[in-house]
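Trainee: I am new to this structure and would like a close look at a single part of it. Could you take me through the largest nonpolar core and then show me how it sits within the whole?

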Amino acid sequence: LMPFSLSFYYRADVALMSSNNYEMARRGWPKLNTTAKFVKAYDEEEEYPCINRKIRLAIISGVLTEGHSNSESFKGVLSRLDRNIFEVTYVFLAEQGDTRIADFTKEHAADRRFVWTKTPGDVGNGAWTTKWGNKIASWKMDIIFYFDLTMSTFARRLGMQRLAPVQVNSIGHPITSGHDRSVVQYYISWAAAELPLEESQAHYTEELKLMPSDIVYMYYDRRVLDGEISRMDKMPFGGLTRSDLGVPLKNHFYLCMQKPFKFHPEVDTLFCGIMTKDPDGWLVLHQEVSPDNQIVFEKRMKRAGCDLSRIVFLKQQPHHRLLALYREAAVVLDSYPAGGDTTTREVIEMGKPLVTLPARLLGGRWSLGYLSNIGLKEDTKRALIASTPEEYVDLAVQLGTDDTLREAVEADLRECSSNLFHREEAVAAWQEMFLEISPYQRCQEGSENKEVLHEEL
């Protein structure tokens with residue numbers, strides 16, 4: 001009962017399908033259709049006094065591990081929220097066995113951290129989720145922030161309970177929870193990577209709240225250190241050659257190292273169209289883990305007109321080797337319709353051209369958002385952002401075969417890449433968003449209208 005794959009089926013009515021998924025789960029685990037006692041009391045109030053305390057914010061995730069892409073995305077903002085305003089509690093639902101919580105959660109001594117796993121005794125109708133829900137309810141949180149609700153069955157089941165007046169889903173996984181809006185009220189996304197609100201709201205069961213379109217919406221750290229060293233695996237990549245990497249020694253090549261589950265069959269015609277239009281170019285792709293799936297993948301590519309003799313399939317690469325592949329590629333190809341996020345930022349950081357075709361859903365629009373917000377020249381953006389499949393092929397081949405154009409685009413990317421990182425305005429925007437959706441407003445200095453309700457519950 002996980003809607004993970006829905007984010008890749010971009011023609012689906014994801015809100016309806018996710019809602020149906022939630023409704024099935026709600027009927028299957030009726031004990032999870034609960035609302036905490038203090039939340040019921042909140043709902044019954046007609047007026048809410050201001051509070052003379054910090055806003056209680058619980059951050060809950062099933063992938064809150066060191067180095068995970070979601071930890072990498074959110075750590076800069078979450079660790080920089082004003083602790084004079086927010087009382088922060090982290091909950092890591094360790095579903096995959098690794099119980100080591102991300103280091104950034106330890107930066108503030110006052111922050112609380114919990115790592116929970118399901119035990120052999122947690123059986124029955126939602127037994128483990130009910131146990132954890134009771135614990136969270138006892139904290140009387142104001143906001144529960146699930147930054148990737150659909151990445152974890154544990155988080156998804158826990159999120160069926162209303163354990164705080166305000167519960168939020170967000171962009172750690174780019175798809176709606178499907179939960180009833182009375183349970184999960186908001187989905188926080190980025191306007192630069194969404195269709196206009198009147199269209200994109202239809203993709204979510206939650207009320208869609210948008211970070212500003214004219215900023216980079218996260219506080220990111222660089223992933224490439226001085227001396228051509230990967231921050232992720234601490235390994236140098238400057239000395240790696242094409243021979244070391246197993247790619248064509250002389251011919252230019254187009255690279256897409258997204259995992260194949262992101263390769264919707266519609267991408268086949270894009271990749272093969274590039275190979276047809278550029279008979280000297282090669283294609284380097286991520287190999288399927290399953291040999292049987294790899295056979296299917298190769299048959300797909302052949303059927304779409306690709307010359308398999310000019311395709312190199314590589315297994316998953318360590319991070320430093322991945323960076324070297326970006327460096328050696330003529331053009332990096334964004335997958336479609338589910339595009340890159342972390343990958344796109346790494347390619348920009350390396351100063352390499354990435355061609356993208358924005359899709360309908362959030363998961364296929366990250367690259368558009370980044371390329372639109374780092375100060376690139378209009379000519380550079382036109383060279384990278386396609387509006388049709390045919391233009392995607394044309395842009396890729398133009399960059400792959402025109403050295404002068406490619407060098408100009410790379411120079412602009414190198415000039416602007418620093419604008420991706422350490423964006424304090426992103427921290428301010430997230431803080432403002434949390435204050436906006438908070439069920440309580442903090443009292444102004446000298447205010448006597450202070451919260452006295454619910455503390456005894």
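Mentor: Happy to! A nonpolar core is a set of buried Ala, Val, Leu, Ile, Met, Phe, Trp, Tyr and Cys residues joined through side-chain atoms within 4.5 Å. Please keep in mind that this is a predicted model. The largest such core here has 93 residues, and the members that touch the most others are Phe145, Tyr217, Phe271, Leu285, Leu333 and Trp430. Let us pause at one of these. Leaving aside residues up to four places away in sequence, Tyr217 touches Ile171, Trp190, Met211, Asp341, Trp366, Tyr370, Ala426 and Trp430. Apart from the largest core lies another one, made of 28 residues, including Ile136, Trp139, Ala155 and Leu158. As a general background, nonpolar side chains in soluble globular proteins tend to be buried together.

Now for the wider setting. The protein has 16 helices and 14 strands. Its radius of gyration is 23 Å, close to the 23 Å that the globule rule gives for 457 residues, so the protein is as compact as a globular protein of that length. Of those 457 residues, 58% count as buried. Among contacts between residues at least 6 apart in sequence, 71% join residues at least 24 apart.

One helix is worth finding as you look around. Helix H10, residues 319-328, has eight of its 10 residues buried, so this helix is largely enclosed by the rest of the structure. Among the buried ones are His319, His320, Arg321 and Tyr326.

Methods
Residues are numbered from 1 along each chain as its sequence is written. This is a predicted model: local features need pLDDT of at least 70, side-chain atom pairs count only at pLDDT 80 or more; totals for chains, interfaces and linings use all residues. Side-chain values use heavy atoms; hydrogens and water are left out. Buried means under 20% relative accessible area, exposed over 50%, partly exposed in between (1.4 Å probe, protein chains only). Contact means heavy atoms within 4.5 Å. Helices (H or I, at least four residues) and strands (E, at least two) are DSSP runs, numbered from the N terminus. The radius of gyration is taken over C-alpha atoms; the globule rule is 2.2 Å times the number of residues to the power 0.38.
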